[in-house]
Amino acid sequence: MTDPKAADSRHRLKSIIGGATGNLVEWYDWYVYAAFALYFAPHFFPEGDRTAQLMNSAAVFAVGFLMRPVGAWIMGIYADRHGRKAGLTLSVTLMCAGSLLIAVTPDYEAIGVFAPALLVLARMLQGLSVGGEYGASATYLSEMAGKQRRGFFSSFQYVTLISGQLLAICVLLVLQNVMPEAALDEWGWRIPFAIGGVLAIVVFYIRRGLAETESFTNAKKEGIAVSGLGELFLRHPREAAVVMLLTAGGTLAFYAYSIYMQKFLVNTSGFSREVASQINAGTLFVFMLLQPLAGALSDRIGRKPLMVGFGIAGVLFTYPIFSALETTRDPLVAFALVLGALIIVTGYTSINAVVKAELFPAHVRALGVALPYALANTIFGGTAEYVALWFKAEGMEQGFYWYVTVMIGLSLIVYLRMRDTRTHSRILED
């Protein structure tokens with residue numbers, strides 16, 4: 001006879017792998033924009049020096065973030081009412097459309113202002129997609145994981161997020177090595193967006209075959225309440241505020257240490273684009289491997305110690321790390337410094353999905369995870385590059401280091417005051 005526990009474990013694992021694979025492709029499509037900004041920015045924003053072009057591309061990056069709360073709102077409610085699987089399928093459809101649009105949009109010389117306008121439209125579609133993706137995937141993985149290993153399995157939300165970012169950088173490294181630089185500058189940067197669009201189509205069919213979570217099924221049967229803005233902010237205002245505040249410092253640190261770091265290594269440290277990409281790829285790979293280890297640790301000692309550890313280390317070391325990176329010209333030293341920053345932020349990234357999911361009841365969980373997170377992510381994560389480049393353009397680059405430090409400190413206050421969600425989880429199913 002088949003062991004019911006073994007069968008249940010295989011069912012959970014299959015569903016988690018299926019959900020995580022789709023999450024990887026979604027985040028690849030999102031991050032490939034940042035990875036190739038150094039190449040496509042002159043095609044859409046031909047006027048000004050490199051910093052000005054990067055500021056324009058960063059502004060469009062931020063526009064995508066402005067759509068994330070809208071996507072979180074619409075698809076969070078959709079996933080709470082129609083299922084996590086339905087929300088995941090809808091989000092990947094929008095991401096596919098955005099990626100393919102960037103791949104085929106002519107440059108500024110060909111169609112003038114319509115080029116940046118179409119770029120903005122594509123990022124808006126991708127912003128809607130990612131806004132819903134985070135809540136649906138974080139909720140799906142947290143609900144599908146068993147109680148004893150919820151931190152471990154939910155950490156794969158960030159494993160696949162980082163994998164998507166890493167895959168984007170690896171595609172960049174491959175193209176840098178197989179294509180002449182002139183060709184990559186001229187048209188080769190379109191290739192990764194086309195790849196992302198095709199992969200999203202594959203993921204669409206994978207997600208249609210996913211199993212639904214027991215939490216959603218039970219909540220649907222009970223029919224206690226319907227997900228919506230009123231239900232979230234009137235019935236669960238404290239939880240929504242906690243999600244926003246604990247996200248603020250963590251998401252800013254993550255984008256500062258990872259997304260912006262590639263530009264920082266080129267624009268401030270003086271490394272070549274190729275070396276900066278290699279440093280970014282190497283550190284992100286190690287960072288990715290750390291997520292399940294930290295997630296498993298949270299299953300043993302709780303979520304709160306990891307978040308407090310991130311907060312304290314982030315406050316103490318962010319300024320010294322960025323200051324040291326300003327002056328180093330040694331790739332190995334830069335690698336060690338960037339890796340140190342990413343090790344620090346692991347205390348947030350590895351468990352942030354499960355912490356948020358454990359705060360809410362099932363009927364409003366996808367919206368509760370997605371919308372407050374998306375608001376904080378838009379305000380602090382989506383603007384990180386632009387704020388950093390603004391400080392640099394104004395000759396006050398170190399002001400950005402203090403900005404990151406202060407925001408981590410504010411989130412640390414929340415970490416210290418909140419209950420440990422591992423022992424006070426609202427995910428009732430085992």
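**Exercise 1. Is Lys392 buried, partly exposed or exposed, and what is its relative accessibility?**

Before the solution, two remarks on the basis of the work. This is a predicted model, in which local features need pLDDT of at least 70 and side-chain atom pairs count only at pLDDT 80 or more, while totals for chains, interfaces and linings use all residues. Residues are numbered from 1 along each chain as its sequence is written, and side-chain values use heavy atoms, with hydrogens and water left out.

Step 1. Recall the classes: buried means under 20% relative accessible area, exposed means over 50%, and partly exposed lies in between, with a 1.4 Å probe and protein chains only.

Step 2. Lys392 has a relative accessibility of 25%, and therefore counts as partly exposed.

Step 3. Turn to the partner: the side chains of Lys392 and Glu397 meet in a salt bridge, at 3.6 Å from N to O, where a salt bridge is a side-chain nitrogen of Lys or Arg within 4 Å of a carboxyl oxygen of Asp or Glu. Glu397, at 13% relative accessibility, counts as buried.

**Exercise 2. Work out which helices are tied together by the salt bridges Glu133–Arg207 and Arg273–Glu181.**

Step 1. As a general basis, side chains of opposite charge can pair when their charged atoms come close. The structure holds 13 salt bridges.

Step 2. In one of them, the side chains of Glu133 and Arg207 meet at 2.8 Å, N to O. Because Glu133 lies in helix H6 (residues 114-144) and Arg207 in helix H10 (residues 191-208), the pair ties together parts that are 74 residues apart in sequence; helices here are DSSP runs of H or I with at least four residues, numbered from the N terminus. Both Glu133 and Arg207 are buried.

Step 3. For the other pair, the closest N and O atoms of Arg273 and Glu181 are 2.3 Å apart. Arg273 belongs to helix H14 (residues 273-301) and Glu181 to helix H9 (residues 181-186), so this salt bridge ties together parts that are 92 residues apart in sequence.

Step 4. Compare the burial of the two partners: Arg273 is buried, with a relative accessible area of 13%, whereas Glu181 counts as partly exposed at 43%.

Step 5. Salt bridges may also join into a network, and here Asp80, Arg84, Glu143 and Arg365 are linked in this way.

**Exercise 3. Describe the largest cavity by its volume and its lining.**

Step 1. On a 1 Å grid over the protein atoms alone, a cavity is a set of points where a 1.4 Å probe fits but cannot get out, and its lining residues have an atom within 4 Å of a point. Grid points are joined across faces, edges and corners, and a volume is the space filled by probe spheres set on the points.

Step 2. The structure holds one cavity of 30 Å³ or more, and the volume of the largest cavity is about 60 Å³.

Step 3. Its lining includes Tyr31, Gln165, Ser258, Lys263 and Asn280. Two or more lining residues are given by each of helix H1 (4-35), helix H8 (156-178) and helix H13 (237-267), and H13 supplies the largest share, four residues.

Step 4. By character, the lining divides into six nonpolar, four polar and one charged residue.

**Exercise 4. Locate the nonpolar patch on the surface and state which helices supply it.**

Step 1. Patches are made of residues with over 30% relative accessible area and no salt bridge, like charges being joined within 9 Å and nonpolar side chains (Val, Leu, Ile, Met, Phe, Trp, Tyr) within 5 Å.

Step 2. The patch consists of Val70, Trp73, Ile74, Leu229 and Phe233, which together have about 400 Å² of accessible area, an area that comes from the Shrake-Rupley method with a 1.4 Å probe.

Step 3. Helix H3 (50-82) and helix H12 (229-235) each supply at least two of the residues, and the largest share, three residues, comes from H3. Val70, which has its place in helix H3, counts as partly exposed at 30% relative accessibility.

**Exercise 5. How far apart in sequence and in space are Glu186 and His43, and Trp30 and Met396?**

Step 1. Glu186 and His43 are 143 residues apart in sequence, and their C-alpha atoms are 8.3 Å apart in space. Glu186 is in helix H9 and is partly exposed, with a relative accessible area of 48%.

Step 2. Trp30 and Met396 are 366 residues apart in sequence and 29 Å apart in space, C-alpha to C-alpha. Trp30 is found in helix H1 and is buried, with a relative accessible area of 0%.

Note on methods. 1 Å grid on protein atoms, 1.4 Å probe; cavity = no way out; pocket = protein on both sides within 12 Å on 5 of 7 lines; lining within 4 Å. Nonpolar A, V, L, I, M, F, W, Y, C, P; charged D, E, K, R; others polar.
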